[in-house]
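Please study the structure shown below and then work through the exercises. Each task is followed by a solution in steps.

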Amino acid sequence: QDLVGRGGGAELLVLVPGLHDPADAAVVADRLLHAAQGEIAIGPHLVLPTVSIGIAAGSSRSHADDLLRDAGIALAQAKSQGRNHHVFADVVIAKEAQRRLDIDGAIRSGLRDEEFVPWFQPVVLLPDGTLTGYEALVRWVRHDGSAVEPAAFLPVAERSSLITELDLAVLEQSLLTLRRLPGELTVAVNVAAQSLSSPSYVERALALIEAADLPTHRLHLEVTETAVLRINHQVRGAMDRIAATGVRWFMDDFGTGYSSISHLRDLPISGMKLDRSFTAALGAGDETSARLAQALAGLAQGLGLDTVAEGVETEAEAAELARYGWVHGQGWLFGRPAPLA
Ligand code: C2E
Ligand code: MG
Ligand code: MG
C-alpha cells in the first residue's frame, strides 16, 4: 500500500501510510536497503549501487513541503555518513528506532543461542483441580538466568518474521515435552497472527508435528480473536491443514476482541478460552461479567466446544466458573508458569 514516485535525478520518494509507530519506518528502510543490495549489470559494466535514505515523519496536519525538506536534510546526512543506511530527521524517533533494532538483534542472537524456552502452566479440571495438561508460555532466559516475560519482547518480534521463528522454536520444544508427558495430558502452544499468515510457518509446523509422531489431538494450538480478525484464504487454509492432522485449535482470550461468533462457525475451532479479565471481574462481584461467563459457556457447550477459563486465582472463582459450565481452569490457584521440572 506504499506509494513510490520519482523525486528527480536518482531520487525516489516513498510514502508509507498507516505506520503503527513512526520508528517502524526503519523496518521499511532496511527492507529497501536489502532489496537494493548486489551488483547490477549495465551493458558491459557491473555497478554496485548504494542507497541512502532520509526519513521524515508526519501527521495529518503536516505539510508536504515541510516533510520533503526534512527528509531531504536527513538524506544529505545519510549520504555524508557513508551511504547505504537511513537517517531520521527527528532524533527522538531515531533513538526509538535504534532501541528497537537493538532488541531485534538481541532476539535474533537469543534464538541462535536457544534462549527462548517454554515454561508450562497447568490446565486442570474444574472445580477439583485434576491435571489435564499445560499451556506452553515462552520465556527469554538470559545468560544470567533471569527469565524475561513475553510482554517485553513479543511486540518487537511481532513486527518482523522473528515472531514466526520464535513460535516454531516454542512448538518444537513443546512437542519434545509432550512426548515425555504420560497418558492423555495435553500441551497448548500459542500461535501469533503473523505466523498464521506466513506460508513457511504452516509447512514447518506440519513437518515438526509429523516428526514428533504423537497422538495429534494432545497438541492444542491457541490463536487470539484479533489474530483471526485478519482472516483470509491463507489463514483459514493454514488452520484447516493443521486441523486435518488432528491438532486442536483453541480461541484464546475470548471476549476481549470482537468475539465474532462467525469465527466459531467458519474456522476449525475445537475450544474456547475465557479471557482472564472476565474471571477477575466475576471474582470482584461484577454481575454482568458473571452472566457473560455463563452465557459463553452455554454457547461453547451448544457448539460442542471444549472450554478453559483463564486467570483463576481463588477457590471461589473456580467454584463459580464450574457452576457456569466451564470445564477446565488455568491460573495461579493451580500453578504459575514454570519450567516443567
Ligand atoms: P495467554 O496465552 O492468554 O497466556 C496467559 C497469560 O496469563 C500468561 O502470561 C500467564 O502467565 C498469565 N496468567 C496465567 N494465570 C494467571 C492468573 O491466575 N493471574 C494472572 N494475573 N495472570 C495469569 P504470559 O506468560 O506473560 O503470556 C502473555 C501472553 O503472551 C500470552 O497470553 C500469549 O498471548 C503470549 N505468548 C506467550 N507465549 C507465546 C508464544 O510462544 N508465542 C506467541 N505467539 N505468543 C505467546
Ligand atoms: Mg494462550
Ligand atoms: Mg489467554
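Two exercises on this predicted model follow.

**Exercise 1. Packing of two helices**

Task: Determine how helix H7 and helix H9 are oriented to each other, and describe their contact.

Solution:
1. Locate the helices: H7 covers residues 199-212, and H9 covers residues 233-243.
2. Consider the geometry: the two helices pack at an angle of about 5 degrees, and their axes are 10 Å apart.
3. Apply the cut-off: angles under 35 degrees count as roughly parallel. H7 and H9 are therefore roughly parallel to each other.
4. List the residues that meet: H7 contributes Pro-199, Tyr-201, Val-202, Glu-203, Leu-206 and Ile-209, while H9 contributes Gln-234, Ala-238, Arg-241 and Ile-242.
5. Sort them by class: the contact of H7 with H9 has seven nonpolar, one polar and two charged residues.

**Exercise 2. A magnesium site**

Task: Identify the protein donors of the magnesium ion (ligand 3) and state where Asp-252 and Glu-310 lie.

Solution:
1. Name the donors: Asp-252 (OD), Asp-253 (OD), Glu-310 (OE) and Glu-310 (OE) lie 2.0 to 2.4 Å from the magnesium ion (ligand 3).
2. Read their spacing in sequence: the donor residues follow the pattern D-D-x56-E.
3. Place two of them: Asp-252 belongs to strand E12 (residues 248-254), whereas Glu-310 is in the loop between strand E14 (306-309) and helix H13 (315-324), so the pair ties together parts that are 58 residues apart in sequence.
4. Check burial, which means under 20% relative accessible area. Asp-252 is buried at 5%, and Glu-310 is buried at 10%.
5. Include the second ion: the magnesium ion (ligand 2) is 4.1 Å from the magnesium ion (ligand 3), and Asp-252 coordinates both.

Key:
Residues are numbered from 1 along each chain as its sequence is written. Chains are lettered from A and ligands numbered from 1 in the order in which they are written. This is a predicted model: local features need pLDDT of at least 70, side-chain atom pairs count only at pLDDT 80 or more; totals for chains, interfaces and linings use all residues. Side-chain values use heavy atoms; hydrogens and water are left out. Axes are lines fitted to C-alpha atoms, for helices over the stretch in contact, and angles run from 0 to 180 degrees between N-to-C directions. Helices (H or I, at least four residues) and strands (E, at least two) are DSSP runs, numbered from the N terminus. Angles under 35 degrees count as roughly parallel, over 145 as roughly antiparallel, 65 to 115 as roughly perpendicular and the rest as oblique. Contact means heavy atoms within 4.5 Å. Ala, Val, Leu, Ile, Met, Phe, Trp, Tyr, Cys and Pro count as nonpolar, Asp, Glu, Lys and Arg as charged, and the others, Gly among them, as polar. Donors are N, O and S atoms within 2.8 Å of the metal (3.2 Å for Na, K and Ca); water is not among the atoms, so sites may look incomplete. Buried means under 20% relative accessible area, exposed over 50%, partly exposed in between (1.4 Å probe, protein chains only).
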